[in-house]
Structure formats: structure tokens, C-alpha cells
Amino acid sequence: VSPSDNTFSIAVEEITAIGAMVTVTPTNNDPYYAAVFEAAGLEGRTDAEIVAAVEQTGSIDWQTRTGKGELDYSQDLESDTNYLVVVFGYREGATTPVSRQTFRTEQGGDDIRPYSVKSAEYLFGSFGREITLNIRDNQN
């Protein structure tokens, strides 16, 4: 695997109790992997251990990109939890060191989470339409 001189700027914005928006800006157009993980599972891990763990998830192929990347985690996270953005160059193996950015979601209360439901023909007789359900989370 040939190394890359790509470096990454990571911005985490719009942090709520259930999500955040992440923007990754690379310095060149080499391919890279970017994702968000719960920080507790990666604490103390080396770059090589993080890359190996990501490769084992099988997500590396569909989460490898080029150019500026916007990762929409706006509905995917748990409240009051530490998260780690992980970014590294990847082309059949890691080509850069792992860049990391930590953040914490806000404390939740009565979170309302919109969920999209597609292809609900058997329920609504309207194939291919998308509806949004607001589900109140009262587990806190």
C-alpha cells in the first residue's frame, strides 16, 4: 500500500441529543474512510488497531470516499454519549495515520426521533412513498 500525504480537517456541527453533522475536508483527492463510533470502544487503540477493527466491520468499501465529505449522523446517536470521528486514507489498506475528533451528544429528555419508512405498500397501499413517524423516546 502506497502512503498518501492527505491530511484531514474534521468539523462536527449541529450537535443534538440524538445526532450531529460531520464534515471532512481532505487536502487532496485520494480516497479515505470516515465514520463515527462510540468513543468508549476505541479508547487507547492504536491507529493499526482502529484500521483493523474498521476492516472487520465490512463497512470500509461503502464508506470510502474522495473530496469533501458530509456525514449525516443527525438521527443516529445516543444522548449524553462520547463519540469519535475516525478518518484515514484508504486504498486496499490504510494510506495515512488515523485522524480523530471527539464530541459528546447533548443530554436527552423526551427525544422525538423522526423515522423514515419506505415501501409501505402493505400498510398504506402506496408503494414507493416515504412517510415520517415521530416517535417519542421516554426511556430516560
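Begin with the whole chain in cartoon view: it holds two helices and nine strands, and, read from the N terminus, its elements follow the order β-β-β-α-β-β-β-β-β-α-β. Keep in mind throughout that this is a predicted model. Of the 140 residues, 39% count as buried, and the chain exposes about 8500 Å², of which carbon and sulfur atoms supply 45%. If you draw a contact map beside the cartoon and keep contacts with a separation of 6 or more, residues 24 or more positions apart account for 68% of them.

**The open sheet**

Select β3, β4, β6 and β7 next, since these names belong together: the four strands form an open sheet in the order β4-β3-β6-β7, with antiparallel pairing. At its edges lie β4 (64–65) and β7 (99–104), each of which pairs on one side only. Now add α1, the helix that packs on this sheet and touches β3, β6 and β7, with its direction at about 90° to that of β6. Zooming in on the β4 side, you find two bridges joining β3 to β4, which run antiparallel, and here Tyr-32 stands opposite Arg-65 in β4.

**Val-86 in β6**

Staying with the sheet, select Val-86, which lies in strand β6. Is Val-86 buried or exposed? Its relative accessibility is 0%, so Val-86 counts as buried. Show its surroundings, leaving aside neighbours within four places in sequence, and the residues in contact with Val-86 are Tyr-33, Ala-34, Ala-35, Phe-37, Leu-42, Ile-50, Val-98 and Ser-99. For one of these, Tyr-33, a C-alpha to C-alpha distance of 7.8 Å from Val-86 goes with a separation of 53 residues in sequence.

**The β2 and β5 pair**

Move to β2 and β5, which pair in the antiparallel sense over five bridges; Met-21 stands opposite Asp-72 in β5. Colouring β5 by burial brings out two faces, a covered one with Gly-69, Leu-71 and Tyr-73, and an uncovered one with Glu-70 and Asp-72.

**The nonpolar core**

Which residues have the most contacts inside the largest nonpolar core? That core has 29 residues, and the ones to select are Val-22, Val-24, Val-36, Val-85, Val-87, Phe-88 and Phe-103. Two or more core residues come from each of β1 (8–13), β2 (20–26), β3 (32–38), α1 (47–57), β5 (69–73) and β6 (82–89), and β6 gives the most, with six residues. Centre the view on Val-22 and, not counting residues up to four places away in sequence, you will see that Val-22 touches Ile-10, Ala-11, Val-12, Val-36, Gly-69, Glu-70, Leu-71 and Val-85.

**The aromatic rings**

Finally, display the rings, among which a search of the whole structure finds four aromatic pairs. One of them joins Phe-8 and Tyr-32, whose ring centres are 5.2 Å apart and whose planes meet at 55°, so the pair is tilted. This pair links distant parts of the chain, with Phe-8 in strand β1 and Tyr-32 in strand β3, 24 residues apart, and both residues are buried. In the pair of Phe-88 and Tyr-90 the centres are 6.1 Å apart and the planes stand at 70°; an angle over 60 degrees counts as edge-to-face, so that is how this pair is classed. Phe-88 is buried, with a relative accessible area of 0%, and Tyr-90 also counts as buried, at 12% relative accessibility. Add Tyr-33 to the selection as a last step, and you have the cluster into which ring pairs link Tyr-33, Phe-88 and Tyr-90.

Methods: Residues numbered from 1 in each chain as written. Predicted model: local features only at pLDDT ≥ 70, side-chain atom pairs only at ≥ 80, totals over all residues. Heavy atoms only, no water. Core = buried A, V, L, I, M, F, W, Y, C linked by side-chain atoms within 4.5 Å. Buried < 20%, exposed > 50% of the residue type's maximum accessible area, 1.4 Å probe, protein only. Contact = heavy atoms within 4.5 Å. Pairing = 2+ DSSP bridges. Axes fitted to C-alpha atoms, helices over the stretch in contact; angles between N-to-C directions. Areas by Shrake-Rupley, 256 points an atom, 1.4 Å probe, with all protein chains shown as cover. Phe/Tyr/Trp six-rings, centres within 6.5 Å; stacked < 30°, edge-to-face > 60°.
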